[in-house]
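Okay, thanks for coming, everyone. I've got one structure for you today, so let me put it up on the screen.

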2 protein chains.
Amino acid sequence: MRVAVIGTGSAGQVLAAGLRRIGHDVVSGTRDPAATAVRDDWSGGELVTFAEAGRGADLVVNATGGQVSLEALTQVDLVGKVLLDVSNPLDFSQGFPPTLSVKDTDSLAEQIQRAHPEARVVKSLNTVNAAVMVDPARLPEPTTIFVAGDDAEARMLVRSVLVELGWSDIVEFATLDAARGLEMWLPLWVRLMGTLGTADFNLKLVR
Amino acid sequence: MRVAVIGTGSAGQVLAAGLRRIGHDVVSGTRDPAATAVRDDWSGGELVTFAEAGRGADLVVNATGGQVSLEALTQVDLVGKVLLDVSNPLDFSQGFPPTLSVKDTDSLAEQIQRAHPEARVVKSLNTVNAAVMVDPARLPEPTTIFVAGDDAEARMLVRSVLVELGWSDIVEFATLDAARGLEMWLPLWVRLMGTLGTADFNLKLVR
């Protein structure tokens, strides 16, 4: 598939590399490709503008920071596209731990869906660190990943990518509003990262 | 230990029975003992008023519904007491799924602590169903339980009760404000209960 990863921060870079590893044709969308290309932390790969990124993509991945996602995505052509949203509405403006800029009765995923009614938004992978997203086998045993979205076909496409990445225990929610629960896991996640001293962890749902 | 379980709903009853099973002297605090005693769903055990419940207790457990906890606890003597808060601020007034009446920048546990500055509040067990709280072995493999509180001695006392109940993977947070993360797990928990069709589940933290 042709995959456009929107955002070139560390999560976007790890995701692009991980999706390339499993054989996809990946471009990274960034505000200013020339500026990104010369950044010290840029690890390489095809760079295009936000506006170019959506064209011809079978899957668009929102890996921008949650506080800028809505603005960045206004520049991306998402009509008819499956948008995998891995972002979290973390607000670090008051320091650590971050708070959530949207929660409980709404979610960032739903805000994105409302802003792009012709996109098919699927929330997934936001519950783990980028390194775990693309390599769940780095953890000592299989863990659980969630998928939430209103469109069954879009969920299926995301699920196939998850399987390719190595995920096996995939719990699916048939409505995007379950993203509220997935995003509200983050306040516990950030505290666990502090207590455990690592971002290399995930939950395994035991039932 | 003498344990006072505040609240006689299903969670309070299951907790009282579970704490009695491991050898504690348990009383249940209720608004009106005579009325509770004749309730169809009342499964037995010593009933006392909220006001009597705190007297002589080594541990007080808040098992009231999150929407009435603050009001109910005003009647309980909590001075110097360890208060294990298992409640969740679930607001069902708009139907299912519930929302949270406090979140993100505050928590019910912290509200209780502020209302009772001389109590030593510890948040724990709120992340699982009552049946799992008192019998973690009902799940097919060991799972994780969290403890959050400002007072180390109080956390230790709660931890000892958790061990008696069968918990082995106990993750501790040294400040009560981690309860924000623990309570914000609930929106995902309630959706998982719907999707899995059971409340018999918990997360195992894989790291």
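I'll go from the single chain to the pairing of the two chains, then into the core, and finish with some backbone details.

One thing up front: this is a predicted model, so please take everything I say in that spirit.

Let's start with chain A by itself. In terms of secondary structure, we have 9 helices and 11 strands. Along the principal axes, the C-alpha atoms of chain A fill a box of roughly 45 × 40 × 35 Å. For a compact globule with 207 residues you'd look for a radius of gyration near 17 Å, and chain A comes out at 16 Å, so that agrees. Of those 207 residues, 49% are buried. And if you take the contacts in chain A between residues at least 6 apart in sequence, 67% of them join residues at least 24 apart.

Now, the two chains. How do you lay chain B on chain A? You turn by 180° with a shift of 0.0 Å along the axis, and the RMSD is 0.0 Å. That's the relation of a two-fold axis. Both copies use the same surface, too: 100% of the contact residues of chain B recur in chain A.

As for the contact itself, chain B puts in 31 residues and chain A puts in 31 residues. Looking at the chain B side, the elements that contribute two or more residues are β7 (99-100), β10 (169-173), α8 (179-183), α9 (186-196) and β11 (202-206). By class, that side of chain B has 16 nonpolar, 7 polar and 8 charged residues.

I'd like you to look at β11 for a second. Strand β11 of chain A, residues 202-206, pairs with β11(B) in the antiparallel sense, over 5 bridges. If you want one position to click on, take A:Leu203, whose bridge partner in β11(B) is B:Leu205.

Okay, into the interior. As a rule, nonpolar side chains in soluble globular proteins tend to be buried together. Here the largest nonpolar core has 120 residues, and the members touching the most other members are A:Leu15, A:Val61, B:Leu15 and B:Val61. Zoom in on B:Val61: leaving out residues up to four places away in sequence, B:Val61 touches B:Val3, B:Ala4, B:Val5, B:Ile6, B:Leu15, B:Leu84 and B:Val86.

Some of those neighbours sit in strand β1 of chain B, residues 2-6, which runs parallel to β2(B) and is joined to it by 5 bridges. B:Val5, for instance, stands opposite B:Ser28 in β2(B). Strand β2 of chain B, residues 25-30, is mostly covered, with 5 of its 6 residues buried.

Next, helix α5. In chain B, 6 of the 8 residues of α5 (108-115) are buried, so the helix is largely enclosed by the rest of the structure. Which residues of α5(B) are the buried ones? They are B:Leu108, B:Ala109, B:Glu110, B:Gln111, B:Ile112 and B:Gln113. These pack against β4 (59-62), α4 (69-73), β5 (82-85), β8 (120-124) and α8 of chain B.

Flip over to chain A for a close-up of A:Ile112, also in helix α5. A:Ile112 counts as buried because it has 22 C-beta neighbours inside 10 Å. Its contacts, again skipping residues up to four places away, include A:Asn62, A:Leu83 and A:Val121. Another one is A:Ser69, which is 43 residues away in sequence but 8.0 Å away in space, C-alpha to C-alpha.

For the opposite situation, go to B:Leu90 in strand β6 of chain B. B:Leu90 and B:Gly80 are 10 residues apart in sequence and 28 Å apart in space, C-alpha to C-alpha. B:Leu90 is buried, with 20 other C-beta atoms within 10 Å.

Last stop, the backbone. There's a cis peptide bond between A:Phe96 and A:Pro97, with omega about -5°, and A:Pro97 is in the loop between β6 and β7. In chain B, a cis bond joins B:Phe96 and B:Pro97, also with omega about -5°.

Then two positive phi values in residues other than glycine. B:Asp104 has phi near 70° and lies in the loop between β7 and α5 of chain B. B:Leu125 has phi near 65°, and its place is the loop between β8 and α6 (130-134). Are these two buried or partly exposed? B:Asp104 is partly exposed, with 19 other C-beta atoms within 10 Å, whereas B:Leu125 has 29 and counts as buried.

That's my tour, and I'm happy to rotate the view if anyone wants another look.

Conventions:
Residues are numbered from 1 along each chain as its sequence is written. Chains are lettered from A and ligands numbered from 1 in the order in which they are written. This is a predicted model: local features need pLDDT of at least 70, side-chain atom pairs count only at pLDDT 80 or more; totals for chains, interfaces and linings use all residues. A nonpolar core is a set of buried Ala, Val, Leu, Ile, Met, Phe, Trp, Tyr and Cys residues joined through C-beta atoms within 7 Å. A residue is buried if 20 or more other C-beta atoms lie within 10 Å of its own, exposed if 12 or fewer, and partly exposed in between; C-beta atoms are placed from the backbone. Two residues are in contact if their C-beta atoms, placed from the backbone, lie within 7 Å. Copies are superposed by least squares on the C-alpha atoms of residues with pLDDT of at least 70 in both. Helices (H or I, at least four residues) and strands (E, at least two) are DSSP runs, numbered from the N terminus. Ala, Val, Leu, Ile, Met, Phe, Trp, Tyr, Cys and Pro count as nonpolar, Asp, Glu, Lys and Arg as charged, and the others, Gly among them, as polar. Two strands pair if DSSP finds at least two bridges between them. The radius of gyration is taken over C-alpha atoms; the globule rule is 2.2 Å times the number of residues to the power 0.38.
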